[in-house]
Amino acid sequence: MTSWEQPIFSTRAHVFQIDPATKRNWIPAGKHALTVSYFYDATRNVYRIISLGGAKAIINSTVTPNMTFTKTSQKFGQWADSRANTVYGLGFASEQHLTQFAEKFQEVKEAARLAREKSQDGGELTSPALGLTAHQVPPSPLVSSNGPGDEKLFRSQSADAPGPAERERLRKMLSEGSVGEVQWEAEFFALQDSNNKLASALREANAAAAQWRQQLEAQRAEAERLRQRVAELEAQAATAEPPAVSEKEGPGQSLEQLEALVQTKDQEIQTLKSQTGGPREAPETAEHEETQQKVQELETRNAELEHQLRATERSLEEARVERERARAEVGRAAQLLDVRLFELSELREGLARLAEGAP
């Protein structure tokens with residue numbers, strides 16, 4: 001972009017280039033929308049489409065009469081540049097912006113055709129689409145199509161050239177703007193890093209919560225199994241009660257029979273005592289007490305795990321809220337950075353025009 005080139009029209013769009021290897025896939029020029037402008041070179045009487053990404057020219061395409069701008073969707077258009085051996089694509093914020101750019105492309109294309117015909121005829125070099133001669137090209141208003149009501153018109157410089165003090169003030173403004181741009185970029189990357197850290201912490205918390213839920217389900221299953229075991233042991237203990245005493249023997253029984261019956265009953269009593277009576281500290285009773293103790297321990301552990309789960313869910317919710325807040329801050333910072341970069345680009349263009357007109 002030379003000092004003799006005048007801006008005709010500017011807009012904001014996401015810039016893409018066709019993949020040179022596959023010729024099918026699009027490669028984005030950056031994460032954010034860039035300024036795309038039409039320029040008229042008065043010295044060579046040509047029109048160019050230019051988009052800068054920092055100090056690098058992302059698009060530098062000379063418009064020729066045989067070029068065609070194609071709308072491939074409601075918000076996307078493309079054109080092929082045989083000189084650059086590539087295809088450029090632009091993604092706009094709305095269909096209105098795409099229509100404005102396409103109409104301006106057609107106007108510039110027609111102006112380039114008429115300019116070529118005039119140059120071949122040896123006539124005066126003119127800019128038919130804009131009605132401007134090559135030697136008398138006043139600075140055209142730069143229209144920003146960021147949306148309805150957002151148009152910005154930059155008036156041409158005054159006939160009175162700025163003095164040294166004014167130029168020094170403009171240089172200072174440009175320097176401060178560059179410093180501000182660097183600060184905004186640093187803040188933006190810091191917010192991105194914070195967002196990445198929050199996302200990583202959230203993933204770790206989700207994994208820990210899932211593991212705790214699995215442990216809790218396993219503990220609940222174990223507690224239910226132990227409860228069933230306790231119920232079975234209690235049922236077995238209830239069935240082991242000593243049977244009722246037999247009916248009294250009649251008076252007609254002999255003494256030997258009574259003694260034999262007493263001995264038999266004594267043996268039965270001893271057997272029952274060894275099974276259920278007296279020292280019933282049998283293995284089943286000890287197992288029952290141990291099982292009850294395990295159940296109590298498991299219930300305590302379950303309560304602790306439920307408390308930890310609730311605390312984790314609260315932490316997850318707080319992390320989600322913090323992540324959304326950080327994401328909103330990143331979005332606001334990105335938007336503000338786009339605006340600042342666009343303003344700096346406009347300021348640089350204005351300074352270039354002022355410096356060119358200075359004595």
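1. A good place to start is Glu222, which forms a salt bridge with Arg225; their closest N and O atoms lie 2.6 Å apart. Do keep in mind that this is a predicted model. The two residues are three apart in helix α2, so about one helical turn separates them. Glu222 is partly exposed, at a relative accessible area of 30%, and Arg225 also counts as partly exposed, at 45%. You may also like to look at Glu110, Arg113 and Glu117, which are joined into one network by salt bridges that share partners.

2. Helix α1 offers another pair to look at. In this helix, which covers residues 95-121, Lys104 and Glu107 are three residues apart and therefore separated by about one helical turn. They form a salt bridge with 3.1 Å between the closest N and O atoms. What is the burial state of Lys104? Its relative accessibility is 17%, and buried means under 20%, so Lys104 counts as buried. Glu107, with a relative accessible area of 38%, is partly exposed.

3. For a link across the chain, please turn to Arg213 and Glu313. This salt bridge has its closest N and O atoms 3.7 Å apart. The pair connects distant parts of the chain: Arg213 sits in helix α2 (residues 164-239) and Glu313 in helix α4 (residues 283-357), 100 residues apart. Arg213 counts as partly exposed at 38% relative accessibility, and Glu313 is partly exposed as well, with a relative accessible area of 36%. For context, a search of the whole structure finds 18 salt bridges.

4. Now to the strands, where β7 and β8 deserve a moment. Strand β7 (residues 76-81) pairs with β8 in the antiparallel sense, over six bridges. The two form a hairpin with four residues between them, and Asn85 in the turn has a positive phi of about 55°. Which residue in β8 stands opposite Trp79? That place is taken by Tyr88.

5. Staying with β8, how many of its six residues are buried? Five of them are, so this strand (residues 86-91) is largely enclosed by the rest of the structure. As a reminder when you inspect the side chains, those in a regular strand alternate between the two faces of the sheet.

6. Thr64 is a residue I would also show you. Its place is the loop between β5 (56-63) and β6 (70-71). With a relative accessibility of 10%, against a limit of under 20% for buried, Thr64 counts as buried. Its side chain makes a polar contact of 2.5 Å with the side chain of Asn66. Leaving aside residues up to four places away in sequence, Thr64 touches Arg83, Lys109 and Arg116. Of these partners, Lys109 and Arg116 fall within the residue range of helix α1, 95-121.

7. Finally, the overall picture. The protein has four helices and ten strands, and along the sequence they follow the pattern β-β-β-β-β-β-β-β-α-β-β-α-α-α. Of its 359 residues, 31% count as buried. Among contacts between residues at least 6 apart in sequence, 64% join residues at least 24 apart. The accessible surface comes to about 22600 Å², and carbon and sulfur atoms account for 52% of that area.

Definitions and conventions: Residues are numbered from 1 along each chain as its sequence is written. This is a predicted model: local features need pLDDT of at least 70, side-chain atom pairs count only at pLDDT 80 or more; totals for chains, interfaces and linings use all residues. Side-chain values use heavy atoms; hydrogens and water are left out. Buried means under 20% relative accessible area, exposed over 50%, partly exposed in between (1.4 Å probe, protein chains only). A polar contact is a pair of N or O atoms within 3.5 Å; within protein, one must be able to donate a hydrogen and the other to accept it, and residues adjacent in sequence count only if both atoms are side-chain atoms. Contact means heavy atoms within 4.5 Å. Two strands pair if DSSP finds at least two bridges between them. Accessible areas come from the Shrake-Rupley method with a 1.4 Å probe; for residues, only the protein chains shown count as cover. A salt bridge is a side-chain nitrogen of Lys or Arg within 4 Å of a carboxyl oxygen of Asp or Glu.
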